[in-house]
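Opening the notebook on a new model today. I want to look up a few helix pairs, some cysteines and a couple of loop residues.

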Amino acid sequence: MPPAADWTHDFFSGPWIEVQRHARTAEQSAQEAEFIARTLALPPGAEVLDVPCGDCRIAVELAARGHRVTGVDIQPEMIAAARAKAAERRVAVELLEGDMRDLPWTGRFDAAFCWWGSFGWFDAAENLRQAKAVARALKPRGRYLVDLPTLESMLPQYRGASWHKLGDVLVGEEREFDPISGRIETYWTFRRGDETAVRRSSIHLYTYRELVSVLEAAGFREFEAMGTLDGEPFRQGSRRLYLTARLAG
C-alpha cells in the first residue's frame with residue numbers, strides 16, 4: 001500500500017468534526033490540560049502554543065486557567081469549531097488558520113504542545129520542518145510536549161481492523177503497518193445514517209529513540225518521557241509516549 005499524499009488537508013473535516021467532538025469527555029480534556037500545565041511547568045499567564053489545535057478542547061481549558069493560548073490548524077472547519085468552543089467557554093484563544101510547518105513567530109512562546117498523535121504525519125524532512133517551526137516559535141529554554149503512540153506502544157496492542165461508535169458516527173479502521181517505511185496506513189470508514197465517507201491516513205510510527213533524534217536535530221535537549229497522565233515512566237508496552245523537551249538556549 002503506497003503512502004497517501006498530503007492527506008491532512010481533507011481528513012479533518014466533515015464526519016471527523018463529529019468524531020472529535022465525542023472522542024474525549026469534558027472531564028478527560030480537563031485532566032489532560034492539567035497534565036500539560038504541570039508537565040510544561042507553566043507559570044501564571046504563560047504564552048502557550050497548541051499546534052495543531054483541532055477544535056481547541058485543550059486550549060480552552062488552559063485559557064480558563066489564565067494562560068494566553070494560541071492555536072494553529074490548517075483545517076477551516078476545525079478553526080470554526082475552535083472559535084465556537086472558546087465562545088461557549090467565554091475564554092480568549094488566539095486562532096490562526098495555517099500550516100504547522102510554517103509558523104510566523106520567532107521567540108514568542110513559553111511552551112508548546114503537539115497533542116493526540118499529531119506528529120509524524122509527513123515524510124522525514126517535513127516532520128523535522130514541523131519540529132523546527134515550533135523551536136523557532138519558542139523562547140530560549142522553552143518547553144515542548146509531544147503526545148503520540150510509538151512503535152513500542154502500538155505493536156503490542158496492534159489490531160488490523162476495528163469498529164467503534166462516537167456520537168452518531170460509526171467509525172471503522174483498517175490498518176496496515178509497513179516495517180520498511182515505518183508508517184501505519186489506515187483506511188477509515190465513517191457511517192452516519194445513510195451517509196458513508198471513506199478517508200485515509202498515513203503516519204510515521206516513531207520509536208522513542210527516533211523521535212528524540214528528530215527533536216534533537218530541531219534544537220531540543222533535556223528529554224523526559226512518561227507513559228501515563230499519572231507520570232509513570234515510559235516503557236515498552238506503555239499505551240502512549242508523553243515526551244517533554246527543552247529548547248537549547
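Below are my entries, in the order I looked things up.

**Entry 1: what I am looking at.** I noted at the outset that this is a predicted model.

**Entry 2: the cysteines.** I went looking for disulfides and came back with zero. C53 is in no disulfide, and its nearest cysteine sulfur, that of C56, sits 3.7 Å away. I got the matching result from the other end: C56 is in no disulfide either, with the sulfur of C53 at 3.7 Å. Why doesn't the pair C53 and C56 count as a disulfide at 3.7 Å? The cut-off is 2.5 Å between the sulfur atoms, so 3.7 Å does not qualify. I also checked how covered the two side chains are. C53 is buried, with a relative accessible area of 7%. C56 is buried as well, at 1%.

**Entry 3: helix α4 and its surroundings.** Next I moved to α4, which covers residues 57-64. How many of the eight residues of α4 are buried? I found seven, so I wrote α4 down as mostly covered, taking under 20% relative accessible area as buried. The buried ones are R57, I58, A59, V60, E61, L62 and A63. I then asked what those residues pack against. The list has two helices, α3 (26-39) and α5, plus the strands β1 (47-50), β2 (68-73), β3 (93-97) and β4 (109-114). Just past the end of α4, I spotted G66 with a positive phi of about 95°.

**Entry 4: α4 against α5.** I took this pair on its own. Helix α5 runs over residues 76-89, and its axis lies 9 Å from that of α4, at an angle of about 30°. The two are therefore roughly parallel to each other. I logged the crossing as right-handed. On the α4 side, R57, V60, E61 and A64 make the contact, and on the α5 side K85, A86 and R89 do. Sorting the contact residues by class, I got three nonpolar, four charged and no polar. A general point I jotted down beside this: an α-helix has 3.6 residues a turn, so residues three or four places apart point the same way.

**Entry 5: α6 against α8.** Then I pulled up a second pair, α6 (residues 124-137) and α8 (residues 208-217). Their axes come within 8 Å and cross at roughly 55°. That makes α6 and α8 oblique to each other. I noted a right-handed crossing for α6 and α8. From α6 the contact uses N127, L128, A131 and K132, and from α8 it uses V214, L215 and A217. The class tally here came to five nonpolar, one polar and one charged.

**Entry 6: the loop between β2 and α5.** Last stop was two residues in this loop, I74 and Q75. Is Q75 buried or exposed? I read 7% relative accessibility, so Q75 counts as buried. Leaving out residues up to four places away in sequence, Q75 touches H9, F12 and S13. I74 is partly exposed, with a relative accessible area of 26%. With that same exclusion, I74 touches T8, H9, E97, G98 and D99. I also ran one long-range distance: I74 and R235 are 161 residues apart in sequence and 33 Å apart in space, C-alpha to C-alpha.

Key
Residues numbered from 1 in each chain as written. Predicted model: local features only at pLDDT ≥ 70, side-chain atom pairs only at ≥ 80, totals over all residues. Heavy atoms only, no water. Axes fitted to C-alpha atoms, helices over the stretch in contact; angles between N-to-C directions. Helix = DSSP H or I, 4+ residues; strand = E, 2+ residues; numbered from the N terminus. Parallel < 35°, antiparallel > 145°, perpendicular 65-115°, else oblique. Left-handed = near helix turned anticlockwise from the far one by under 90°. Contact = heavy atoms within 4.5 Å. Nonpolar A, V, L, I, M, F, W, Y, C, P; charged D, E, K, R; others polar. Buried < 20%, exposed > 50% of the residue type's maximum accessible area, 1.4 Å probe, protein only.
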